[in-house]
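Hi everyone, thanks for making the time today. I'd like to walk you through one structure, going from the whole chain down to a few single residues.

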Amino acid sequence: MMASIGEFDPLNTRVPATKIEVTVSCRNLLDVDTFSKSDPVVVLYLQAAGTKEWREFGRTEVIDNTLNPDFVRKFVLDFFFEEKQNLRFDVYNVDSRSCNISKHDFLGQTFCTLGEIIGSTGGRLERTLSGIPGKKCGVIIFSAEELSNCRDIATMQLCANKLDKKDFFGKSDPFLVFYRSNEDGTFTICHKTEVIKNTLNPVWQPFTIPVRALCNGDYDRTVKVDVYDWDRDGSHDFIGEFTTSYRELSRGQNQFNVYEVLNPKKKGKKKKYINSGTVTLLSFKVESEYTFVDFIRGGTQLNFTVAIDFTASNGNPSQPTSLHYMSPYQMNAYAMALKAVGEIIQDYDSDKLFPAYGFGAKLPPDGKVSHAFPLSGDSDNPNCVGIEGVLEAYFQSLRTVQLYGPTNFAPVITQVANCAAEITDGSQYFVLLMITDGVISDMVQTKEAVVNASSLPMSIIIVGVGPAEFDAMEELDGDEVRVSSRGRLAERDIVQFVPFRDYIDRSGNQVLSMARLAKDVLAEIPEQLLSFMKSRGIEPRPALSTSPLPELHRHI
């Protein structure tokens, strides 16, 4: 127990990004009942990332005697932007009381990702059902809505009175640790207050926390608070604990929000034990914040651009030792990184056209070195169609250009920044993925380019492949220290760097390696997009109106 409070890292606790409610309708389903119409139900399966195994998540209600059902029961899913959340919807005609779905008539199925539903125009996606050879199975229609309580941010302040004295010299140095309870009865740490030195009556600073981090949207779920006495050596002494809930806290300062701090061990030993002090809620307020989903539903598009390192240090592409080697059996690290990140971002880009560049190569016919050449070979149109199109153009370029050097980042960053500078109204947000094997040659210019780009609607993801030392990259990733150039600090932290080798699955499972990489490099994008919008005072447009469901032709 003691160890876990020291290990709390607020950046890495996996709070569900938000909850999405998916509504399902079908049109023109197959009619398999002889004397009446079908009685449809929709079953949702989720795919596990590592095993690829499909698990049933839930079912809609059954609607009798219709080929055009609008289901009332919705699916509520946790949404993680940085994960590819694969969904499978199976439609069945219920013709007996059996709970075993295989006992009913199969009417068709479709596959999609949660990102595709959210990223589709107006949050409405229509898909054709298939799975019965030679039959038209009709269509299934999804719409996505974010649950309103996911955007709330709570600010509260607490104080304590007459806490137990734990230190031999002087009084205690108290701090609070908050935990939310999980479905399975375990607790996850979600906030730690600062330590107040040498007092039994501390008043902590007000703090702010997303409501979903406190209770995952369930207002009556237990919130546990531990009170500790801080010790320099990390062996903090437990003073006591109390429990509350978001609903109780939200009532604000009143007689119910004074909590007795109890120490179960003392309670058991001492007959006269009353408590180890009290904690009082001084103030509580809730505000709503715009979310990433608000902007996507309001029509903000993510523009994805790729830049690939074609410098000689990658090794001759025809040799198996090269980082650019094209094996017929498996993808190289460049292709894996590109596919892992691209397949998730593409759900939020409606035209699926991705500009792709190379840098550090000599180009035909005259062997001129370029640091931003289109992989498509067409300088007027660097766009590739879909992620597959980018991969094709990358493989094609390997056959036509000569790997050379140096490794200059600034030209590509500046190129994308120029595009981003033209559209700063919040309708577009640019994400540049750079994949490289080595040390940057133009660090000074790159820092300048990053500082300039930090005021624009863009983020940069750098994936380092191969065994090189990537220390310089850490400097660009402004998590610890904000990037600066000529005395100017970057306005926002927009660079995320990761070495690919940290994500490679020991058992050689490429799918798992790619999922881990994508999860880490994309996790910061929603916050970076929000920080740009906030800094410019941009509010999301109203969700694009979802066109009404196709009218039913009723035969009279």
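**Cavities, pockets and a few residues**

Let me begin inside: the largest cavity is lined by Phe79, Phe80, Phe81, Glu83, Lys84, Gln85, Thr113, Leu114, Gly115, Ile344, Asp347 and Tyr348. Please keep in mind that what you see is a predicted model. How much volume does the largest cavity have? It comes to about 60 Å³. Counting cavities of 30 Å³ or more, we get two.

Now let me step back to the whole chain. There are 556 residues, and 52% of them count as buried. The C-alpha trace spans about 90 × 80 × 45 Å along its principal axes. In secondary structure, the chain has 13 helices and 28 strands. For those of you who like contact maps, take the contacts with a sequence separation of 6 or more: 71% of them are between residues 24 or more positions apart.

Next, a pocket. The second largest pocket holds about 960 Å³ of space. Its lining is made up of 37 residues, and those nearest the centre are Gln47, Ala49, Glu83, Lys84 and Gln85. You may recognise some of those names, since Glu83, Lys84 and Gln85 also line the largest cavity.

Which element gives the most to the lining of this second largest pocket? That is helix 12, with eight residues. Helix 12 covers residues 510-522, and it is one of several elements that each supply at least two lining residues. The others are strand 2 at 40-47, strand 3, strand 4 at 75-79, strand 5 at 86-93 and helix 7 at 333-345.

Let me pick one residue from helix 12, namely Ser513. Is Ser513 buried or exposed? With a relative accessible area of only 2%, under the 20% cut-off, Ser513 is buried. Setting aside residues within four places in sequence, Ser513 is in contact with Met336, Phe500, Tyr503, Ile504 and Asp505. Of these, Met336 falls within the 333-345 range of helix 7.

Strand 3 was also on that list, and there I'd like to show you Glu56. Strand 3 runs over residues 54-59, with Glu56 among them. Glu56 counts as partly exposed because its relative accessibility is 39%, which lies between the 20% and 50% cut-offs. The Glu56 side chain has a polar contact of 2.7 Å with the side chain of Arg59. Beyond its neighbours within four places in sequence, Glu56 is in contact with Val43, Leu44 and Tyr45. Those three fall inside the 40-47 range of strand 2. To give you a feel for distances, Glu56 and Ile440 are 384 residues apart in sequence, and their C-alpha atoms are 47 Å apart in space.

On to a loop residue, His371. Where is His371 placed? You'll find it in the loop between strand 20, residues 368-370, and strand 21, residues 373-374. His371 has a relative accessible area of 16%, so it counts as buried. The His371 side chain reaches two polar partners: the backbone nitrogen of Gly360 at 3.5 Å, and the side chain of Asn408 at 3.4 Å. Leaving out residues up to four places away in sequence, His371 touches Gly358, Phe359, Gly360, Gly405, Pro406, Asn408, Pro411 and Val412.

Last topic: strands. As a reminder, strands of a sheet pair through backbone hydrogen bonds, either parallel or antiparallel. One open sheet here has four strands in the order 12-9-16-15, with antiparallel pairing. Its edge strands are strand 12 at 207-210 and strand 15 at 258-260, each of which pairs on one side only. Neighbouring strands of this sheet are turned by 35° against each other on average, direction ignored. Within the sheet, strand 9, residues 152-161, and strand 12 pair in the antiparallel sense over four bridges. One bridge joins Met156 to Phe207 in strand 12.

Finally, there is a hairpin. Strand 10, residues 174-181, and strand 11, residues 187-192, pair in the antiparallel sense over five bridges. Here Val177 has Lys192 of strand 11 as its bridge partner. Five residues lie between the strands of this hairpin, and Gly185 takes a positive phi near 90°.

That's my tour, and I'm happy to take questions.

Technical notes:
Residues are numbered from 1 along each chain as its sequence is written. This is a predicted model: local features need pLDDT of at least 70, side-chain atom pairs count only at pLDDT 80 or more; totals for chains, interfaces and linings use all residues. Side-chain values use heavy atoms; hydrogens and water are left out. Two strands pair if DSSP finds at least two bridges between them. Axes are lines fitted to C-alpha atoms, for helices over the stretch in contact, and angles run from 0 to 180 degrees between N-to-C directions. Buried means under 20% relative accessible area, exposed over 50%, partly exposed in between (1.4 Å probe, protein chains only). Contact means heavy atoms within 4.5 Å. A polar contact is a pair of N or O atoms within 3.5 Å; within protein, one must be able to donate a hydrogen and the other to accept it, and residues adjacent in sequence count only if both atoms are side-chain atoms. On a 1 Å grid over the protein atoms alone, a cavity is a set of points where a 1.4 Å probe fits but cannot get out, and a pocket is an open set with protein on both sides within 12 Å along at least five of seven lines; lining residues have an atom within 4 Å of a point. Grid points are joined across faces, edges and corners, and a volume is the space filled by probe spheres set on the points.
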